[in-house]
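Good morning, everyone, and thank you for making the time. Please take a moment with the sequence and the model before I begin to talk through them.

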Amino acid sequence: MLESASIELVIMDLAGTTVEDPDGVGQALKSALTEAGVPWNHESVNGIMGIPKPIAIRQLWAQVNPGMTADDGFFDAIHADFKVRMMDYYRNDPTVKEVPGATQVFKTLRAGGIKVGLDTGFSRDIVDVLMTRLGWSADLVDASATSDEVPRGRPYPDLVLRVMELTGVTDVKRVAKVGDTPSDLGEGTAAGCGWVIGVTEGTHTADQLRPHPHTHVISSVRDLPALFGVVG
């Protein structure tokens with residue numbers, strides 16, 4: 001157990017961490033790639049989860065076209081297609097739901113005096129659709145940051161620093177970054193967060209996360225209140 005008095009802010013990822021993702025994100029990206037004639041495989045798509053999708057698309061294309069270049073418009077079109085698919089998925093698909101207990105985790109942390117932030121490799125338009133669908137408003141989440149609102153997405157520290165700015169937290173050692181991908185762990189480590197926590201309910205297993213810098217690996221965000229000594 002960690003002292004709750006020592007932590008001010010917990011920043012959690014969305015898909016795979018606080019939002020269930022039965023490969024909905026992966027399928028949207030795979031469909032957009034297929035539509036554009038870009039080959040892919042499951043391992044390569046899974047490997048870029050968590051990073052800004054415009055960068056992810058370029059990385060996937062480069063893996064099958066080493067040394068080649070393409071017009072920016074080509075990549076922009078794939079990303080636009082992906083966004084349409086994701087917004088439709090988050091707006092209409094009946095399987096979209098929070099990780100069981102996520103809302104209660106937000107409430108418990110905030111009741112314990114800990115601020116709650118969200119960050120993501122998605123753009124703001126996708127996130128607005130998702131948070132509206134889940135009913136996650138300002139009374140549950142203190143701040144959120146998206147990849148198109150910062151100069152650099154994961155694994156750079158910019159998203160953490162943006163949420164800190166929005167919540168008025170100044171000491172990064174009193175911040176926890178939580179996510180289900182290596183890029184989440186890289187982001188928290190690059191920012192210098194006091195806690196860098198991997199969760200295994202999403203895209204990566206414990207064995208896949210442990211080689212990356214972290215302070216903890218837990219099964220679910222449901223474990224966070226106990227980890228920080230906050231009683232619900």
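I will go from the chain as a whole to its interior.

Let me say at the outset that what you see is a predicted model, and that the values I quote are computed from it.

Starting with the fold, the chain contains 10 helices and 6 strands, and along its principal axes the C-alpha trace spans about 50 × 35 × 30 Å. How does the radius of gyration compare with that of a compact globule? For 232 residues such a globule would have a radius of gyration near 17 Å, and because the chain itself has 17 Å, the two agree.

Turning to contacts, if we take those between residues at least 6 apart in sequence, then 67% of them join residues that are at least 24 apart.

As for what is covered and what is not, 51% of the 232 residues count as buried, while the accessible surface of the chain comes to about 9900 Å², with 53% of that area belonging to carbon and sulfur atoms.

That brings me to the interior, where one may ask how many cavities of 30 Å³ or more the structure holds. There is 1, and the volume of this largest cavity is about 110 Å³. It is lined by 16 residues, of which Asp 13, Ala 15, Gly 50, Lys 53 and Phe 122 are the closest to its centre. Sorted by class, the lining of the largest cavity is mixed, with 6 charged residues alongside 5 polar and 5 nonpolar ones.

Thank you, and I am happy to go back to any of these points.

Terms used. Residues numbered from 1 in each chain as written. Predicted model: local features only at pLDDT ≥ 70, side-chain atom pairs only at ≥ 80, totals over all residues. Heavy atoms only, no water. 1 Å grid on protein atoms, 1.4 Å probe; cavity = no way out; pocket = protein on both sides within 12 Å on 5 of 7 lines; lining within 4 Å. Points joined across faces, edges and corners; volume = space filled by probe spheres on them. Nonpolar A, V, L, I, M, F, W, Y, C, P; charged D, E, K, R; others polar. Helix = DSSP H or I, 4+ residues; strand = E, 2+ residues; numbered from the N terminus. Rg over C-alpha atoms; globule rule 2.2 N^0.38 Å. Buried < 20%, exposed > 50% of the residue type's maximum accessible area, 1.4 Å probe, protein only. Contact = heavy atoms within 4.5 Å. Areas by Shrake-Rupley, 256 points an atom, 1.4 Å probe, with all protein chains shown as cover.
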